[in-house]
Amino acid sequence: MNPYLKQYQRTEVETATPEKVLILLYDGAIQFLNKAIVAIDEKNHQETYNNIVGAERILLEFMNTIDFEQGGDFAVRLNALYQYFYNRLVEANMKKDKEIVQQVLKFLVDLRLTWKQAMNIVQQESQPQTNNASGDTYVANDEDYDEEDDDEEYEDDEDDDEDGDSYEG
């Protein structure tokens with residue numbers, strides 16, 4: 001692996017929020033399982049093994065970092081789900097079973113999306129709220145800004161310029 005890429009990845013993880021690390025781990029597990037599927041198709045048993053084990057290790061990390069005191073029943077259920085995925089991957093690795101890997105992959109992709117959506121909701125709720133001119137409460141976020149709209153607004157301002165001066169930046 002490119003040493004600069006490896007350093008970049010290490011820095012990204014070391015400086016990431018816990019939420020970002022969770023998404024990066026999901027991305028890693030998904031990548032491992034996609035590679036495992038290709039290796040199964042190519043009948044490359046060593047690569048199949050290595051990639052499934054990589055995903056298993058991430059699942060173990062998920063299970064080891066669950067806060068059962070804070071998470072209560074949700075944490076117990078999430079742990080059981082991760083344990084199920086782990087056991088299925090062990091079975092897939094023994095049988096070199098592509099269908100099992102695909103099933104676990106689908107669940108992990110869905111869970112990643114769910115976590116990402118939950119993080120976005122929390123982020124929106126934690127942003128400062130402002131009132132617009134009509135008094136409606138509004139939460140600003142990066143998705144609300146559209147450069148194309150800004151460009152159109154600028155072009156409209158040029159057309160409305162009464163003295164004919166326009167900015168040529």
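1. A search of the whole structure, which is a predicted model, finds 5 aromatic pairs. Two of the pairs are described below, followed by a ring cluster and a surface patch.

2. Take Tyr 26 and Phe 62. Their ring centres are 4.7 Å apart and their planes lie at 35 degrees. The pair is therefore tilted, because that class takes angles that are neither under 30 degrees nor over 60. The contact links distant parts of the chain. Tyr 26 belongs to helix α2 (residues 18-41) and Phe 62 to helix α3 (residues 45-64), with their positions 36 residues apart.

3. Are these two rings buried or exposed? Tyr 26 is buried, at a relative accessible area of 0%. Phe 62 is buried as well, at 4%. The cut-off for buried is under 20%.

4. Phe 74 and Trp 115 make an edge-to-face pair. The centres are 6.2 Å apart, with 75 degrees between the planes. This pair also links distant parts of the chain: Phe 74 sits in helix α4 (residues 68-95), Trp 115 in helix α5, 41 residues apart. Trp 115 has 23% relative accessibility, so this residue counts as partly exposed.

5. Which residues do ring pairs link into a cluster? They are Tyr 26, Phe 62 and Tyr 82.

6. On the surface, Leu 81, Tyr 84 and Phe 107 form a nonpolar patch. Together they have about 270 Å² of accessible area. Phe 107 lies in helix α5 (residues 98-126). With a relative accessible area of 41%, Phe 107 is partly exposed. That value passes the patch requirement of over 30%.

Conventions:
Residues are numbered from 1 along each chain as its sequence is written. This is a predicted model: local features need pLDDT of at least 70, side-chain atom pairs count only at pLDDT 80 or more; totals for chains, interfaces and linings use all residues. Side-chain values use heavy atoms; hydrogens and water are left out. Patches are made of residues with over 30% relative accessible area and no salt bridge: like charges are joined within 9 Å, nonpolar side chains (Val, Leu, Ile, Met, Phe, Trp, Tyr) within 5 Å. Accessible areas come from the Shrake-Rupley method with a 1.4 Å probe; for residues, only the protein chains shown count as cover. A salt bridge is a side-chain nitrogen of Lys or Arg within 4 Å of a carboxyl oxygen of Asp or Glu. Helices (H or I, at least four residues) and strands (E, at least two) are DSSP runs, numbered from the N terminus. Buried means under 20% relative accessible area, exposed over 50%, partly exposed in between (1.4 Å probe, protein chains only). Rings of Phe, Tyr and Trp (its six-membered ring) pair if their centres lie within 6.5 Å; planes under 30 degrees apart count as stacked, over 60 as edge-to-face and the rest as tilted.
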